[in-house]
Amino acid sequence: MVCRLISGPEVSEEIYGELRTRIEKLKSEGFVPGLAVVLVGEDPASQVYVRMKGKKCEELGMHSETIVMPADITEEELLKKIDDLNKDASIHGFLVQLPLPKHIDEDKVIEAIDPMKDVDGFHPVNVGRMLIGKPGFLPATPAGVQQMLIRSGIETAGKHVVVVGRSNIVGKPMAALMIQRGLGADSTVSIVHSKTANLAEITKQADILIVAIGKPRFITGDMVKDGAVVIDVGTNRIDDPTHPKGSRLVGDVDFENVKDKTAAITPVPGGVGPMTICMLMANAVQAAENFKNLL
């Protein structure tokens, strides 16, 4: 079987082209889309991710602010900063980078963000709107997966989508998106997870298998139906003495073992990863457009 690679960089560049047009239109009307990121502490992965967001804002011509706060900041101080950003007219969307230090209640922080500025799509108001199929901000990674399917011409209507994983960031919202009416959805959806009995029997039924379980190479060839589309959301760093860095990134799918059975598959790296920042930028532009339309 000839397997088609679905490229995250290619799909994201197509979307960035559309966003640049929307940003130029906003600027011509006197609005520069503004995105802020609050980083608490010095988690290395979070620092890299925040830098990438700032760089992409700059490339797109958006206003970007990064607010770095010490790891020992009080919850009250963080909530005050969120309140300031809620009121800041130059910031149309913002997010607080997760994870947070253990002494800070993540739920309280997420719920303090104005849903109109919640570009992560994590506020209960936006989660609820997503579930009932109303417009709102969608979580970036699931929205990115859906765009990859749409823009790669993969039919989803009437297809059996199996989502592996039930996190609030990927698994649950992914299932919620695929079950809606409309383009890139209209699917029959199953969710499997660590407590699912006969998990492989269910993944083998998938026309479209979306994997976000956080275990390197968890999905093997015998767990995938011939001709399935496989979307690998996982990013895991494993030891590899043959690699110059001594380690490398792999997905939640055993790519070499699975790819020849599939009609299409996303690689890791080069698959879903670039879509997360892309869809965050799309949410930020949408937030600015929403703000302009309220005036």
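Trainee: Which residues line the largest cavity in this predicted model?
Mentor: Keep in mind that we're looking at a predicted model. The structure holds one cavity of 30 Å³ or more. Its lining is made up of Phe 94, Leu 95, Val 96, Leu 98, Ile 110, Ile 113, Asp 118, Asp 120 and Phe 122.

Trainee: And how much space lies in that largest cavity?
Mentor: A general point to start with: rolling a probe the size of a water molecule over the atoms shows where empty space is left. Here the space in the largest cavity comes to about 60 Å³.

Trainee: How do the residues of that lining divide into nonpolar, polar and charged?
Mentor: Asp 118 and Asp 120 are both in the lining, and Asp counts as charged. Phe, Leu, Val and Ile count as nonpolar. The split is seven nonpolar, no polar and two charged.

Trainee: Which strand gives the most to the lining of the largest cavity?
Mentor: Look at Phe 94, Leu 95 and Val 96 in the lining. The strand spanning residues 93-96 gives three residues, the most to this lining, and that strand is β4.

Trainee: Where does β4 sit in its sheet, and what is the strand order?
Mentor: The sheet is open, has three strands and pairs them in parallel. β3 and β4 are at the edges with a single partner strand each, so one side of each has no neighbour in the sheet. Neighbouring strands are turned by 15° against each other on average, direction ignored. Read across, the order is β3-β2-β4.

Trainee: How many bridges join β2 to β3?
Mentor: Strand β2 covers residues 34-40 and runs parallel to β3. As one example of the pairing, Ala 36 has Glu 65 in β3 as its bridge partner. The number of bridges joining β2 to β3 is seven.

Trainee: Which helix packs on this sheet?
Mentor: We want a helix that touches β2, β3 and β4. The one that does so spans residues 75-87, and its direction makes about 165° with that of β3. That's helix α3.

Trainee: Is Thr 66 buried, partly exposed or exposed?
Mentor: Thr 66 belongs to strand β3, residues 63-69. Leaving aside neighbours within four places in sequence, Thr 66 contacts Val 37 and Val 50. Buried needs under 20% relative accessible area and exposed needs over 50%. Thr 66 has 41%, so the class is partly exposed.

Trainee: What separates the C-alpha atoms of Thr 66 and Gly 8?
Mentor: Along the chain, Thr 66 and Gly 8 are 58 residues apart. In space, their C-alpha atoms are separated by 25 Å.

Trainee: On to the pockets: which element gives the most to the lining of the largest pocket?
Mentor: This pocket has a volume of about 1500 Å³. Its lining takes in 49 residues, with Tyr 49, Thr 141, Thr 235, Gly 273 and Thr 276 nearest the centre. Elements supplying at least two residues each include α1 (8-28), β4, α6 (140-151), β9 (236-239) and α10 (273-294). The most, eight residues, comes from α2.

Trainee: How does that lining divide by class?
Mentor: Among the residues nearest the centre are Thr 141 and Gly 273, and both types count as polar. Taken over the whole lining, the residues divide into 26 nonpolar, 13 polar and ten charged.

Trainee: Which residues lie nearest the centre of the second largest pocket?
Mentor: That pocket has a volume of about 780 Å³. α1, α5 (124-131), α6 and α10 each supply at least two lining residues, and the lining by class has 16 nonpolar, ten polar and six charged. Of its 32 lining residues, the ones nearest the centre are Pro 135, Gly 136, Phe 137, Leu 138 and Asn 283.

Trainee: Which residues on the two faces of β7 are buried?
Mentor: β7 pairs in the parallel sense with β5 (residues 160-164) over four bridges, where Val 163 stands opposite Ile 210. β7 also pairs in the parallel sense with β8 (residues 228-232) over four bridges, where Val 211 stands opposite Asp 232. Both faces of β7 are covered, and the buried residues are Ile 208 and Ile 210 on one side and Leu 209 and Val 211 on the other.

Trainee: Which strand do three bridges join to β8?
Mentor: Ala 228 stands opposite Thr 262. The strand holding Thr 262 spans residues 262-265 and is also joined by two bridges to β1, with Arg 4 opposite Ala 264. The strand that runs parallel to β8 over three bridges is β11.

Methods. Residues are numbered from 1 along each chain as its sequence is written. This is a predicted model: local features need pLDDT of at least 70, side-chain atom pairs count only at pLDDT 80 or more; totals for chains, interfaces and linings use all residues. Side-chain values use heavy atoms; hydrogens and water are left out. On a 1 Å grid over the protein atoms alone, a cavity is a set of points where a 1.4 Å probe fits but cannot get out, and a pocket is an open set with protein on both sides within 12 Å along at least five of seven lines; lining residues have an atom within 4 Å of a point. Grid points are joined across faces, edges and corners, and a volume is the space filled by probe spheres set on the points. Buried means under 20% relative accessible area, exposed over 50%, partly exposed in between (1.4 Å probe, protein chains only). Contact means heavy atoms within 4.5 Å. Two strands pair if DSSP finds at least two bridges between them. Axes are lines fitted to C-alpha atoms, for helices over the stretch in contact, and angles run from 0 to 180 degrees between N-to-C directions.
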